[in-house]
Amino acid sequence: MMDWSDRHCRVFWRQLTRDAVLYTEMVTTGALLHAEPARFLDFDPSEHPVALQLGGSNPADLARCAAMAEQWQYDEVNLNCGCPSDRVQNGSFGACLMGEAALVADGVKAMRDATSLPVTVKHRTGIDNLDSYEFLTDFVGTVAEAGCEVFIVHARKAWLSGLSPKQNREIPPLEYDKVYRLKKDFPQLEIIINGGIQELDAAEEHLQYVDGVMMGRSAYQNPSILCGVDQTFYDAKDNSEPFTALENFFPYVESQLKRGTRLNHMTRHILGLFNGRPGAKQFRRHLSQNAYKPGADLKVLQDAVNCLNKDRVLPLHSETLLEN
């Protein structure tokens, strides 16, 4: 999710679930090849397993970036063929690539030749009036022949003109049945469903028909939903707990503050952690009003926690800091 699932967000999410695969925000091949790659590729070791999501269409560029992903020790490379924004379309990648299955296949083959990492594709059920099930199976079949074995399907088509990215997440109807049918017709492939999944109970229902579930904005807006992921899907003995997760995030926040990172660049990702609990509104308000100020430090975060539970004191200094 562009501008959302950055490295700070992913470290926070990792405190909520040890086992779920995390995905970076989409990074364009141009940004990696023509800017300082470390700015986009550096991540904390605690994020594993973590996948690099690429935006691009030139097979040679994709191959170079896939090799960089392996060099930086990512666990997977994912090609985005689902983002419908004008900026992405102008770069001839994202959802518009669904209309060029052969080019996507060439990109996948080039990436597979350049890295030993798994290469996966994220896409929609269709674009514009190319929304038949036959179009979807032609796309998946063509890309699968290039060696892609994992497809993450946002169960909505995308309108490439006339709808904003936000509208494209809400207006086109969900087509879960198409994704279920895709798994039946391609049993050898790993099919992961995405789109409109708000609760873990719903995720469990989907897993009766597909191999995996991706959650995006629901996990961002209500992060505590991730607290049950490990126990529900990975046989962990216990659920995570929001206060403990936040406490475990403190050493990272402290280390980043010492490196010059602004507090609000990290706390913006935790605003929804306590949704539905007494004091949650005050927690959000305190962070929104204070974390952006110059010099804002851990005390701002501690005071926000006090809005929720005045008996809960999280440490302002940690002996062990996470290293980047």
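Student: Is Y209 buried, partly exposed or exposed in this model?
Tutor: Keep in mind that this is a predicted model. Y209 sits in the loop between α10 (200-206) and β8 (212-214). Its relative accessible area is 42%, and the middle class runs between 20% and 50%. So Y209 counts as partly exposed.

Student: Which residues does Y209 touch, leaving aside its neighbours within four places in sequence?
Tutor: Being partly exposed, Y209 still has contacts with residues farther along the chain. A144 is 65 residues away in sequence, and its C-alpha is 20 Å from that of Y209. The contacts of Y209 are with Y180 and K183.

Student: Let's zoom out. How many helices and strands does the chain have?
Tutor: We've already met two of these elements, the helix α10 and the strand β8. Counting along the chain gives eight strands, and the number of helices is 16.

Student: Why can we call the chain as compact as a globular protein of its length?
Tutor: The C-alpha trace spans about 60 × 40 × 40 Å along its principal axes. For 324 residues, the globule rule gives 20 Å. The chain is close to that, so it is as compact as a globular protein of that length, with a radius of gyration of 20 Å.

Student: What share of the residues is buried?
Tutor: A residue counts as buried when its relative accessible area is under 20%. The accessible surface of the chain comes to about 14,800 Å², with 47% of that belonging to carbon and sulfur atoms. Of the 324 residues, the buried share is 53%.

Student: Which helix gives the most to the largest nonpolar core?
Tutor: Nonpolar side chains tend to be buried together in soluble globular proteins. Here the largest nonpolar core has 96 residues, and V121, F139, F151, L246, F249 and F283 touch the most other members. Seven residues of this core come from one helix, covering residues 242-258, and that is α13.

Student: How many residues are in the second, separate core?
Tutor: This second core stands apart from the largest one. Its members include A51, V150, I192 and M214. The count is six residues.

Student: What does F283 touch, not counting residues up to four places away in sequence?
Tutor: F283 is one of the residues that touch the most other members of the largest core, and L246 is in that group too. Its contacts include I270, L271 and F274, and also A304, V305, C307 and L308. One more name completes the list: L246.

Student: Is V104 buried or exposed?
Tutor: V104 is part of helix α6 (residues 101-114). It touches L79, C81, L97, F139 and V143, leaving out residues up to four places away in sequence. Its relative accessibility is 2%, and the cut-off is 20%, so V104 is buried.

Student: How far apart are the C-alpha atoms of V104 and A146?
Tutor: Along the chain, V104 and A146 are 42 residues apart. In space, their C-alpha atoms are separated by 8.9 Å.

Student: Which class does P242 fall into, buried or exposed?
Tutor: P242 lies in helix α13. It touches S224, C227, L273, F274 and R277, not counting residues up to four places away in sequence. With a relative accessible area of 6%, P242 is buried.

Student: And R277, on the other side of that contact: what is its class?
Tutor: R277 is found in the loop between α14 (263-267) and α15 (280-290). Besides P242, it touches E241 and F243, not counting residues up to four places away in sequence. At 36% relative accessibility, R277 counts as partly exposed.

Student: Which residues does a cis peptide bond join?
Tutor: Look at the loop between α3 (37-41) and β3 (50-55), where P49 lies. Omega is about -5 degrees at this bond. The pair is H48 and P49.

Student: Is D235 buried or exposed?
Tutor: D235 lies in the loop between α12 (229-233) and α13. Its phi is near 60 degrees, a positive value in a residue other than glycine. Its relative accessibility is 74%, and the upper cut-off is 50%, so D235 is exposed.

Methods. Residues numbered from 1 in each chain as written. Predicted model: local features only at pLDDT ≥ 70, side-chain atom pairs only at ≥ 80, totals over all residues. Heavy atoms only, no water. Core = buried A, V, L, I, M, F, W, Y, C linked by side-chain atoms within 4.5 Å. Buried < 20%, exposed > 50% of the residue type's maximum accessible area, 1.4 Å probe, protein only. Helix = DSSP H or I, 4+ residues; strand = E, 2+ residues; numbered from the N terminus. Contact = heavy atoms within 4.5 Å. Rg over C-alpha atoms; globule rule 2.2 N^0.38 Å. Areas by Shrake-Rupley, 256 points an atom, 1.4 Å probe, with all protein chains shown as cover.
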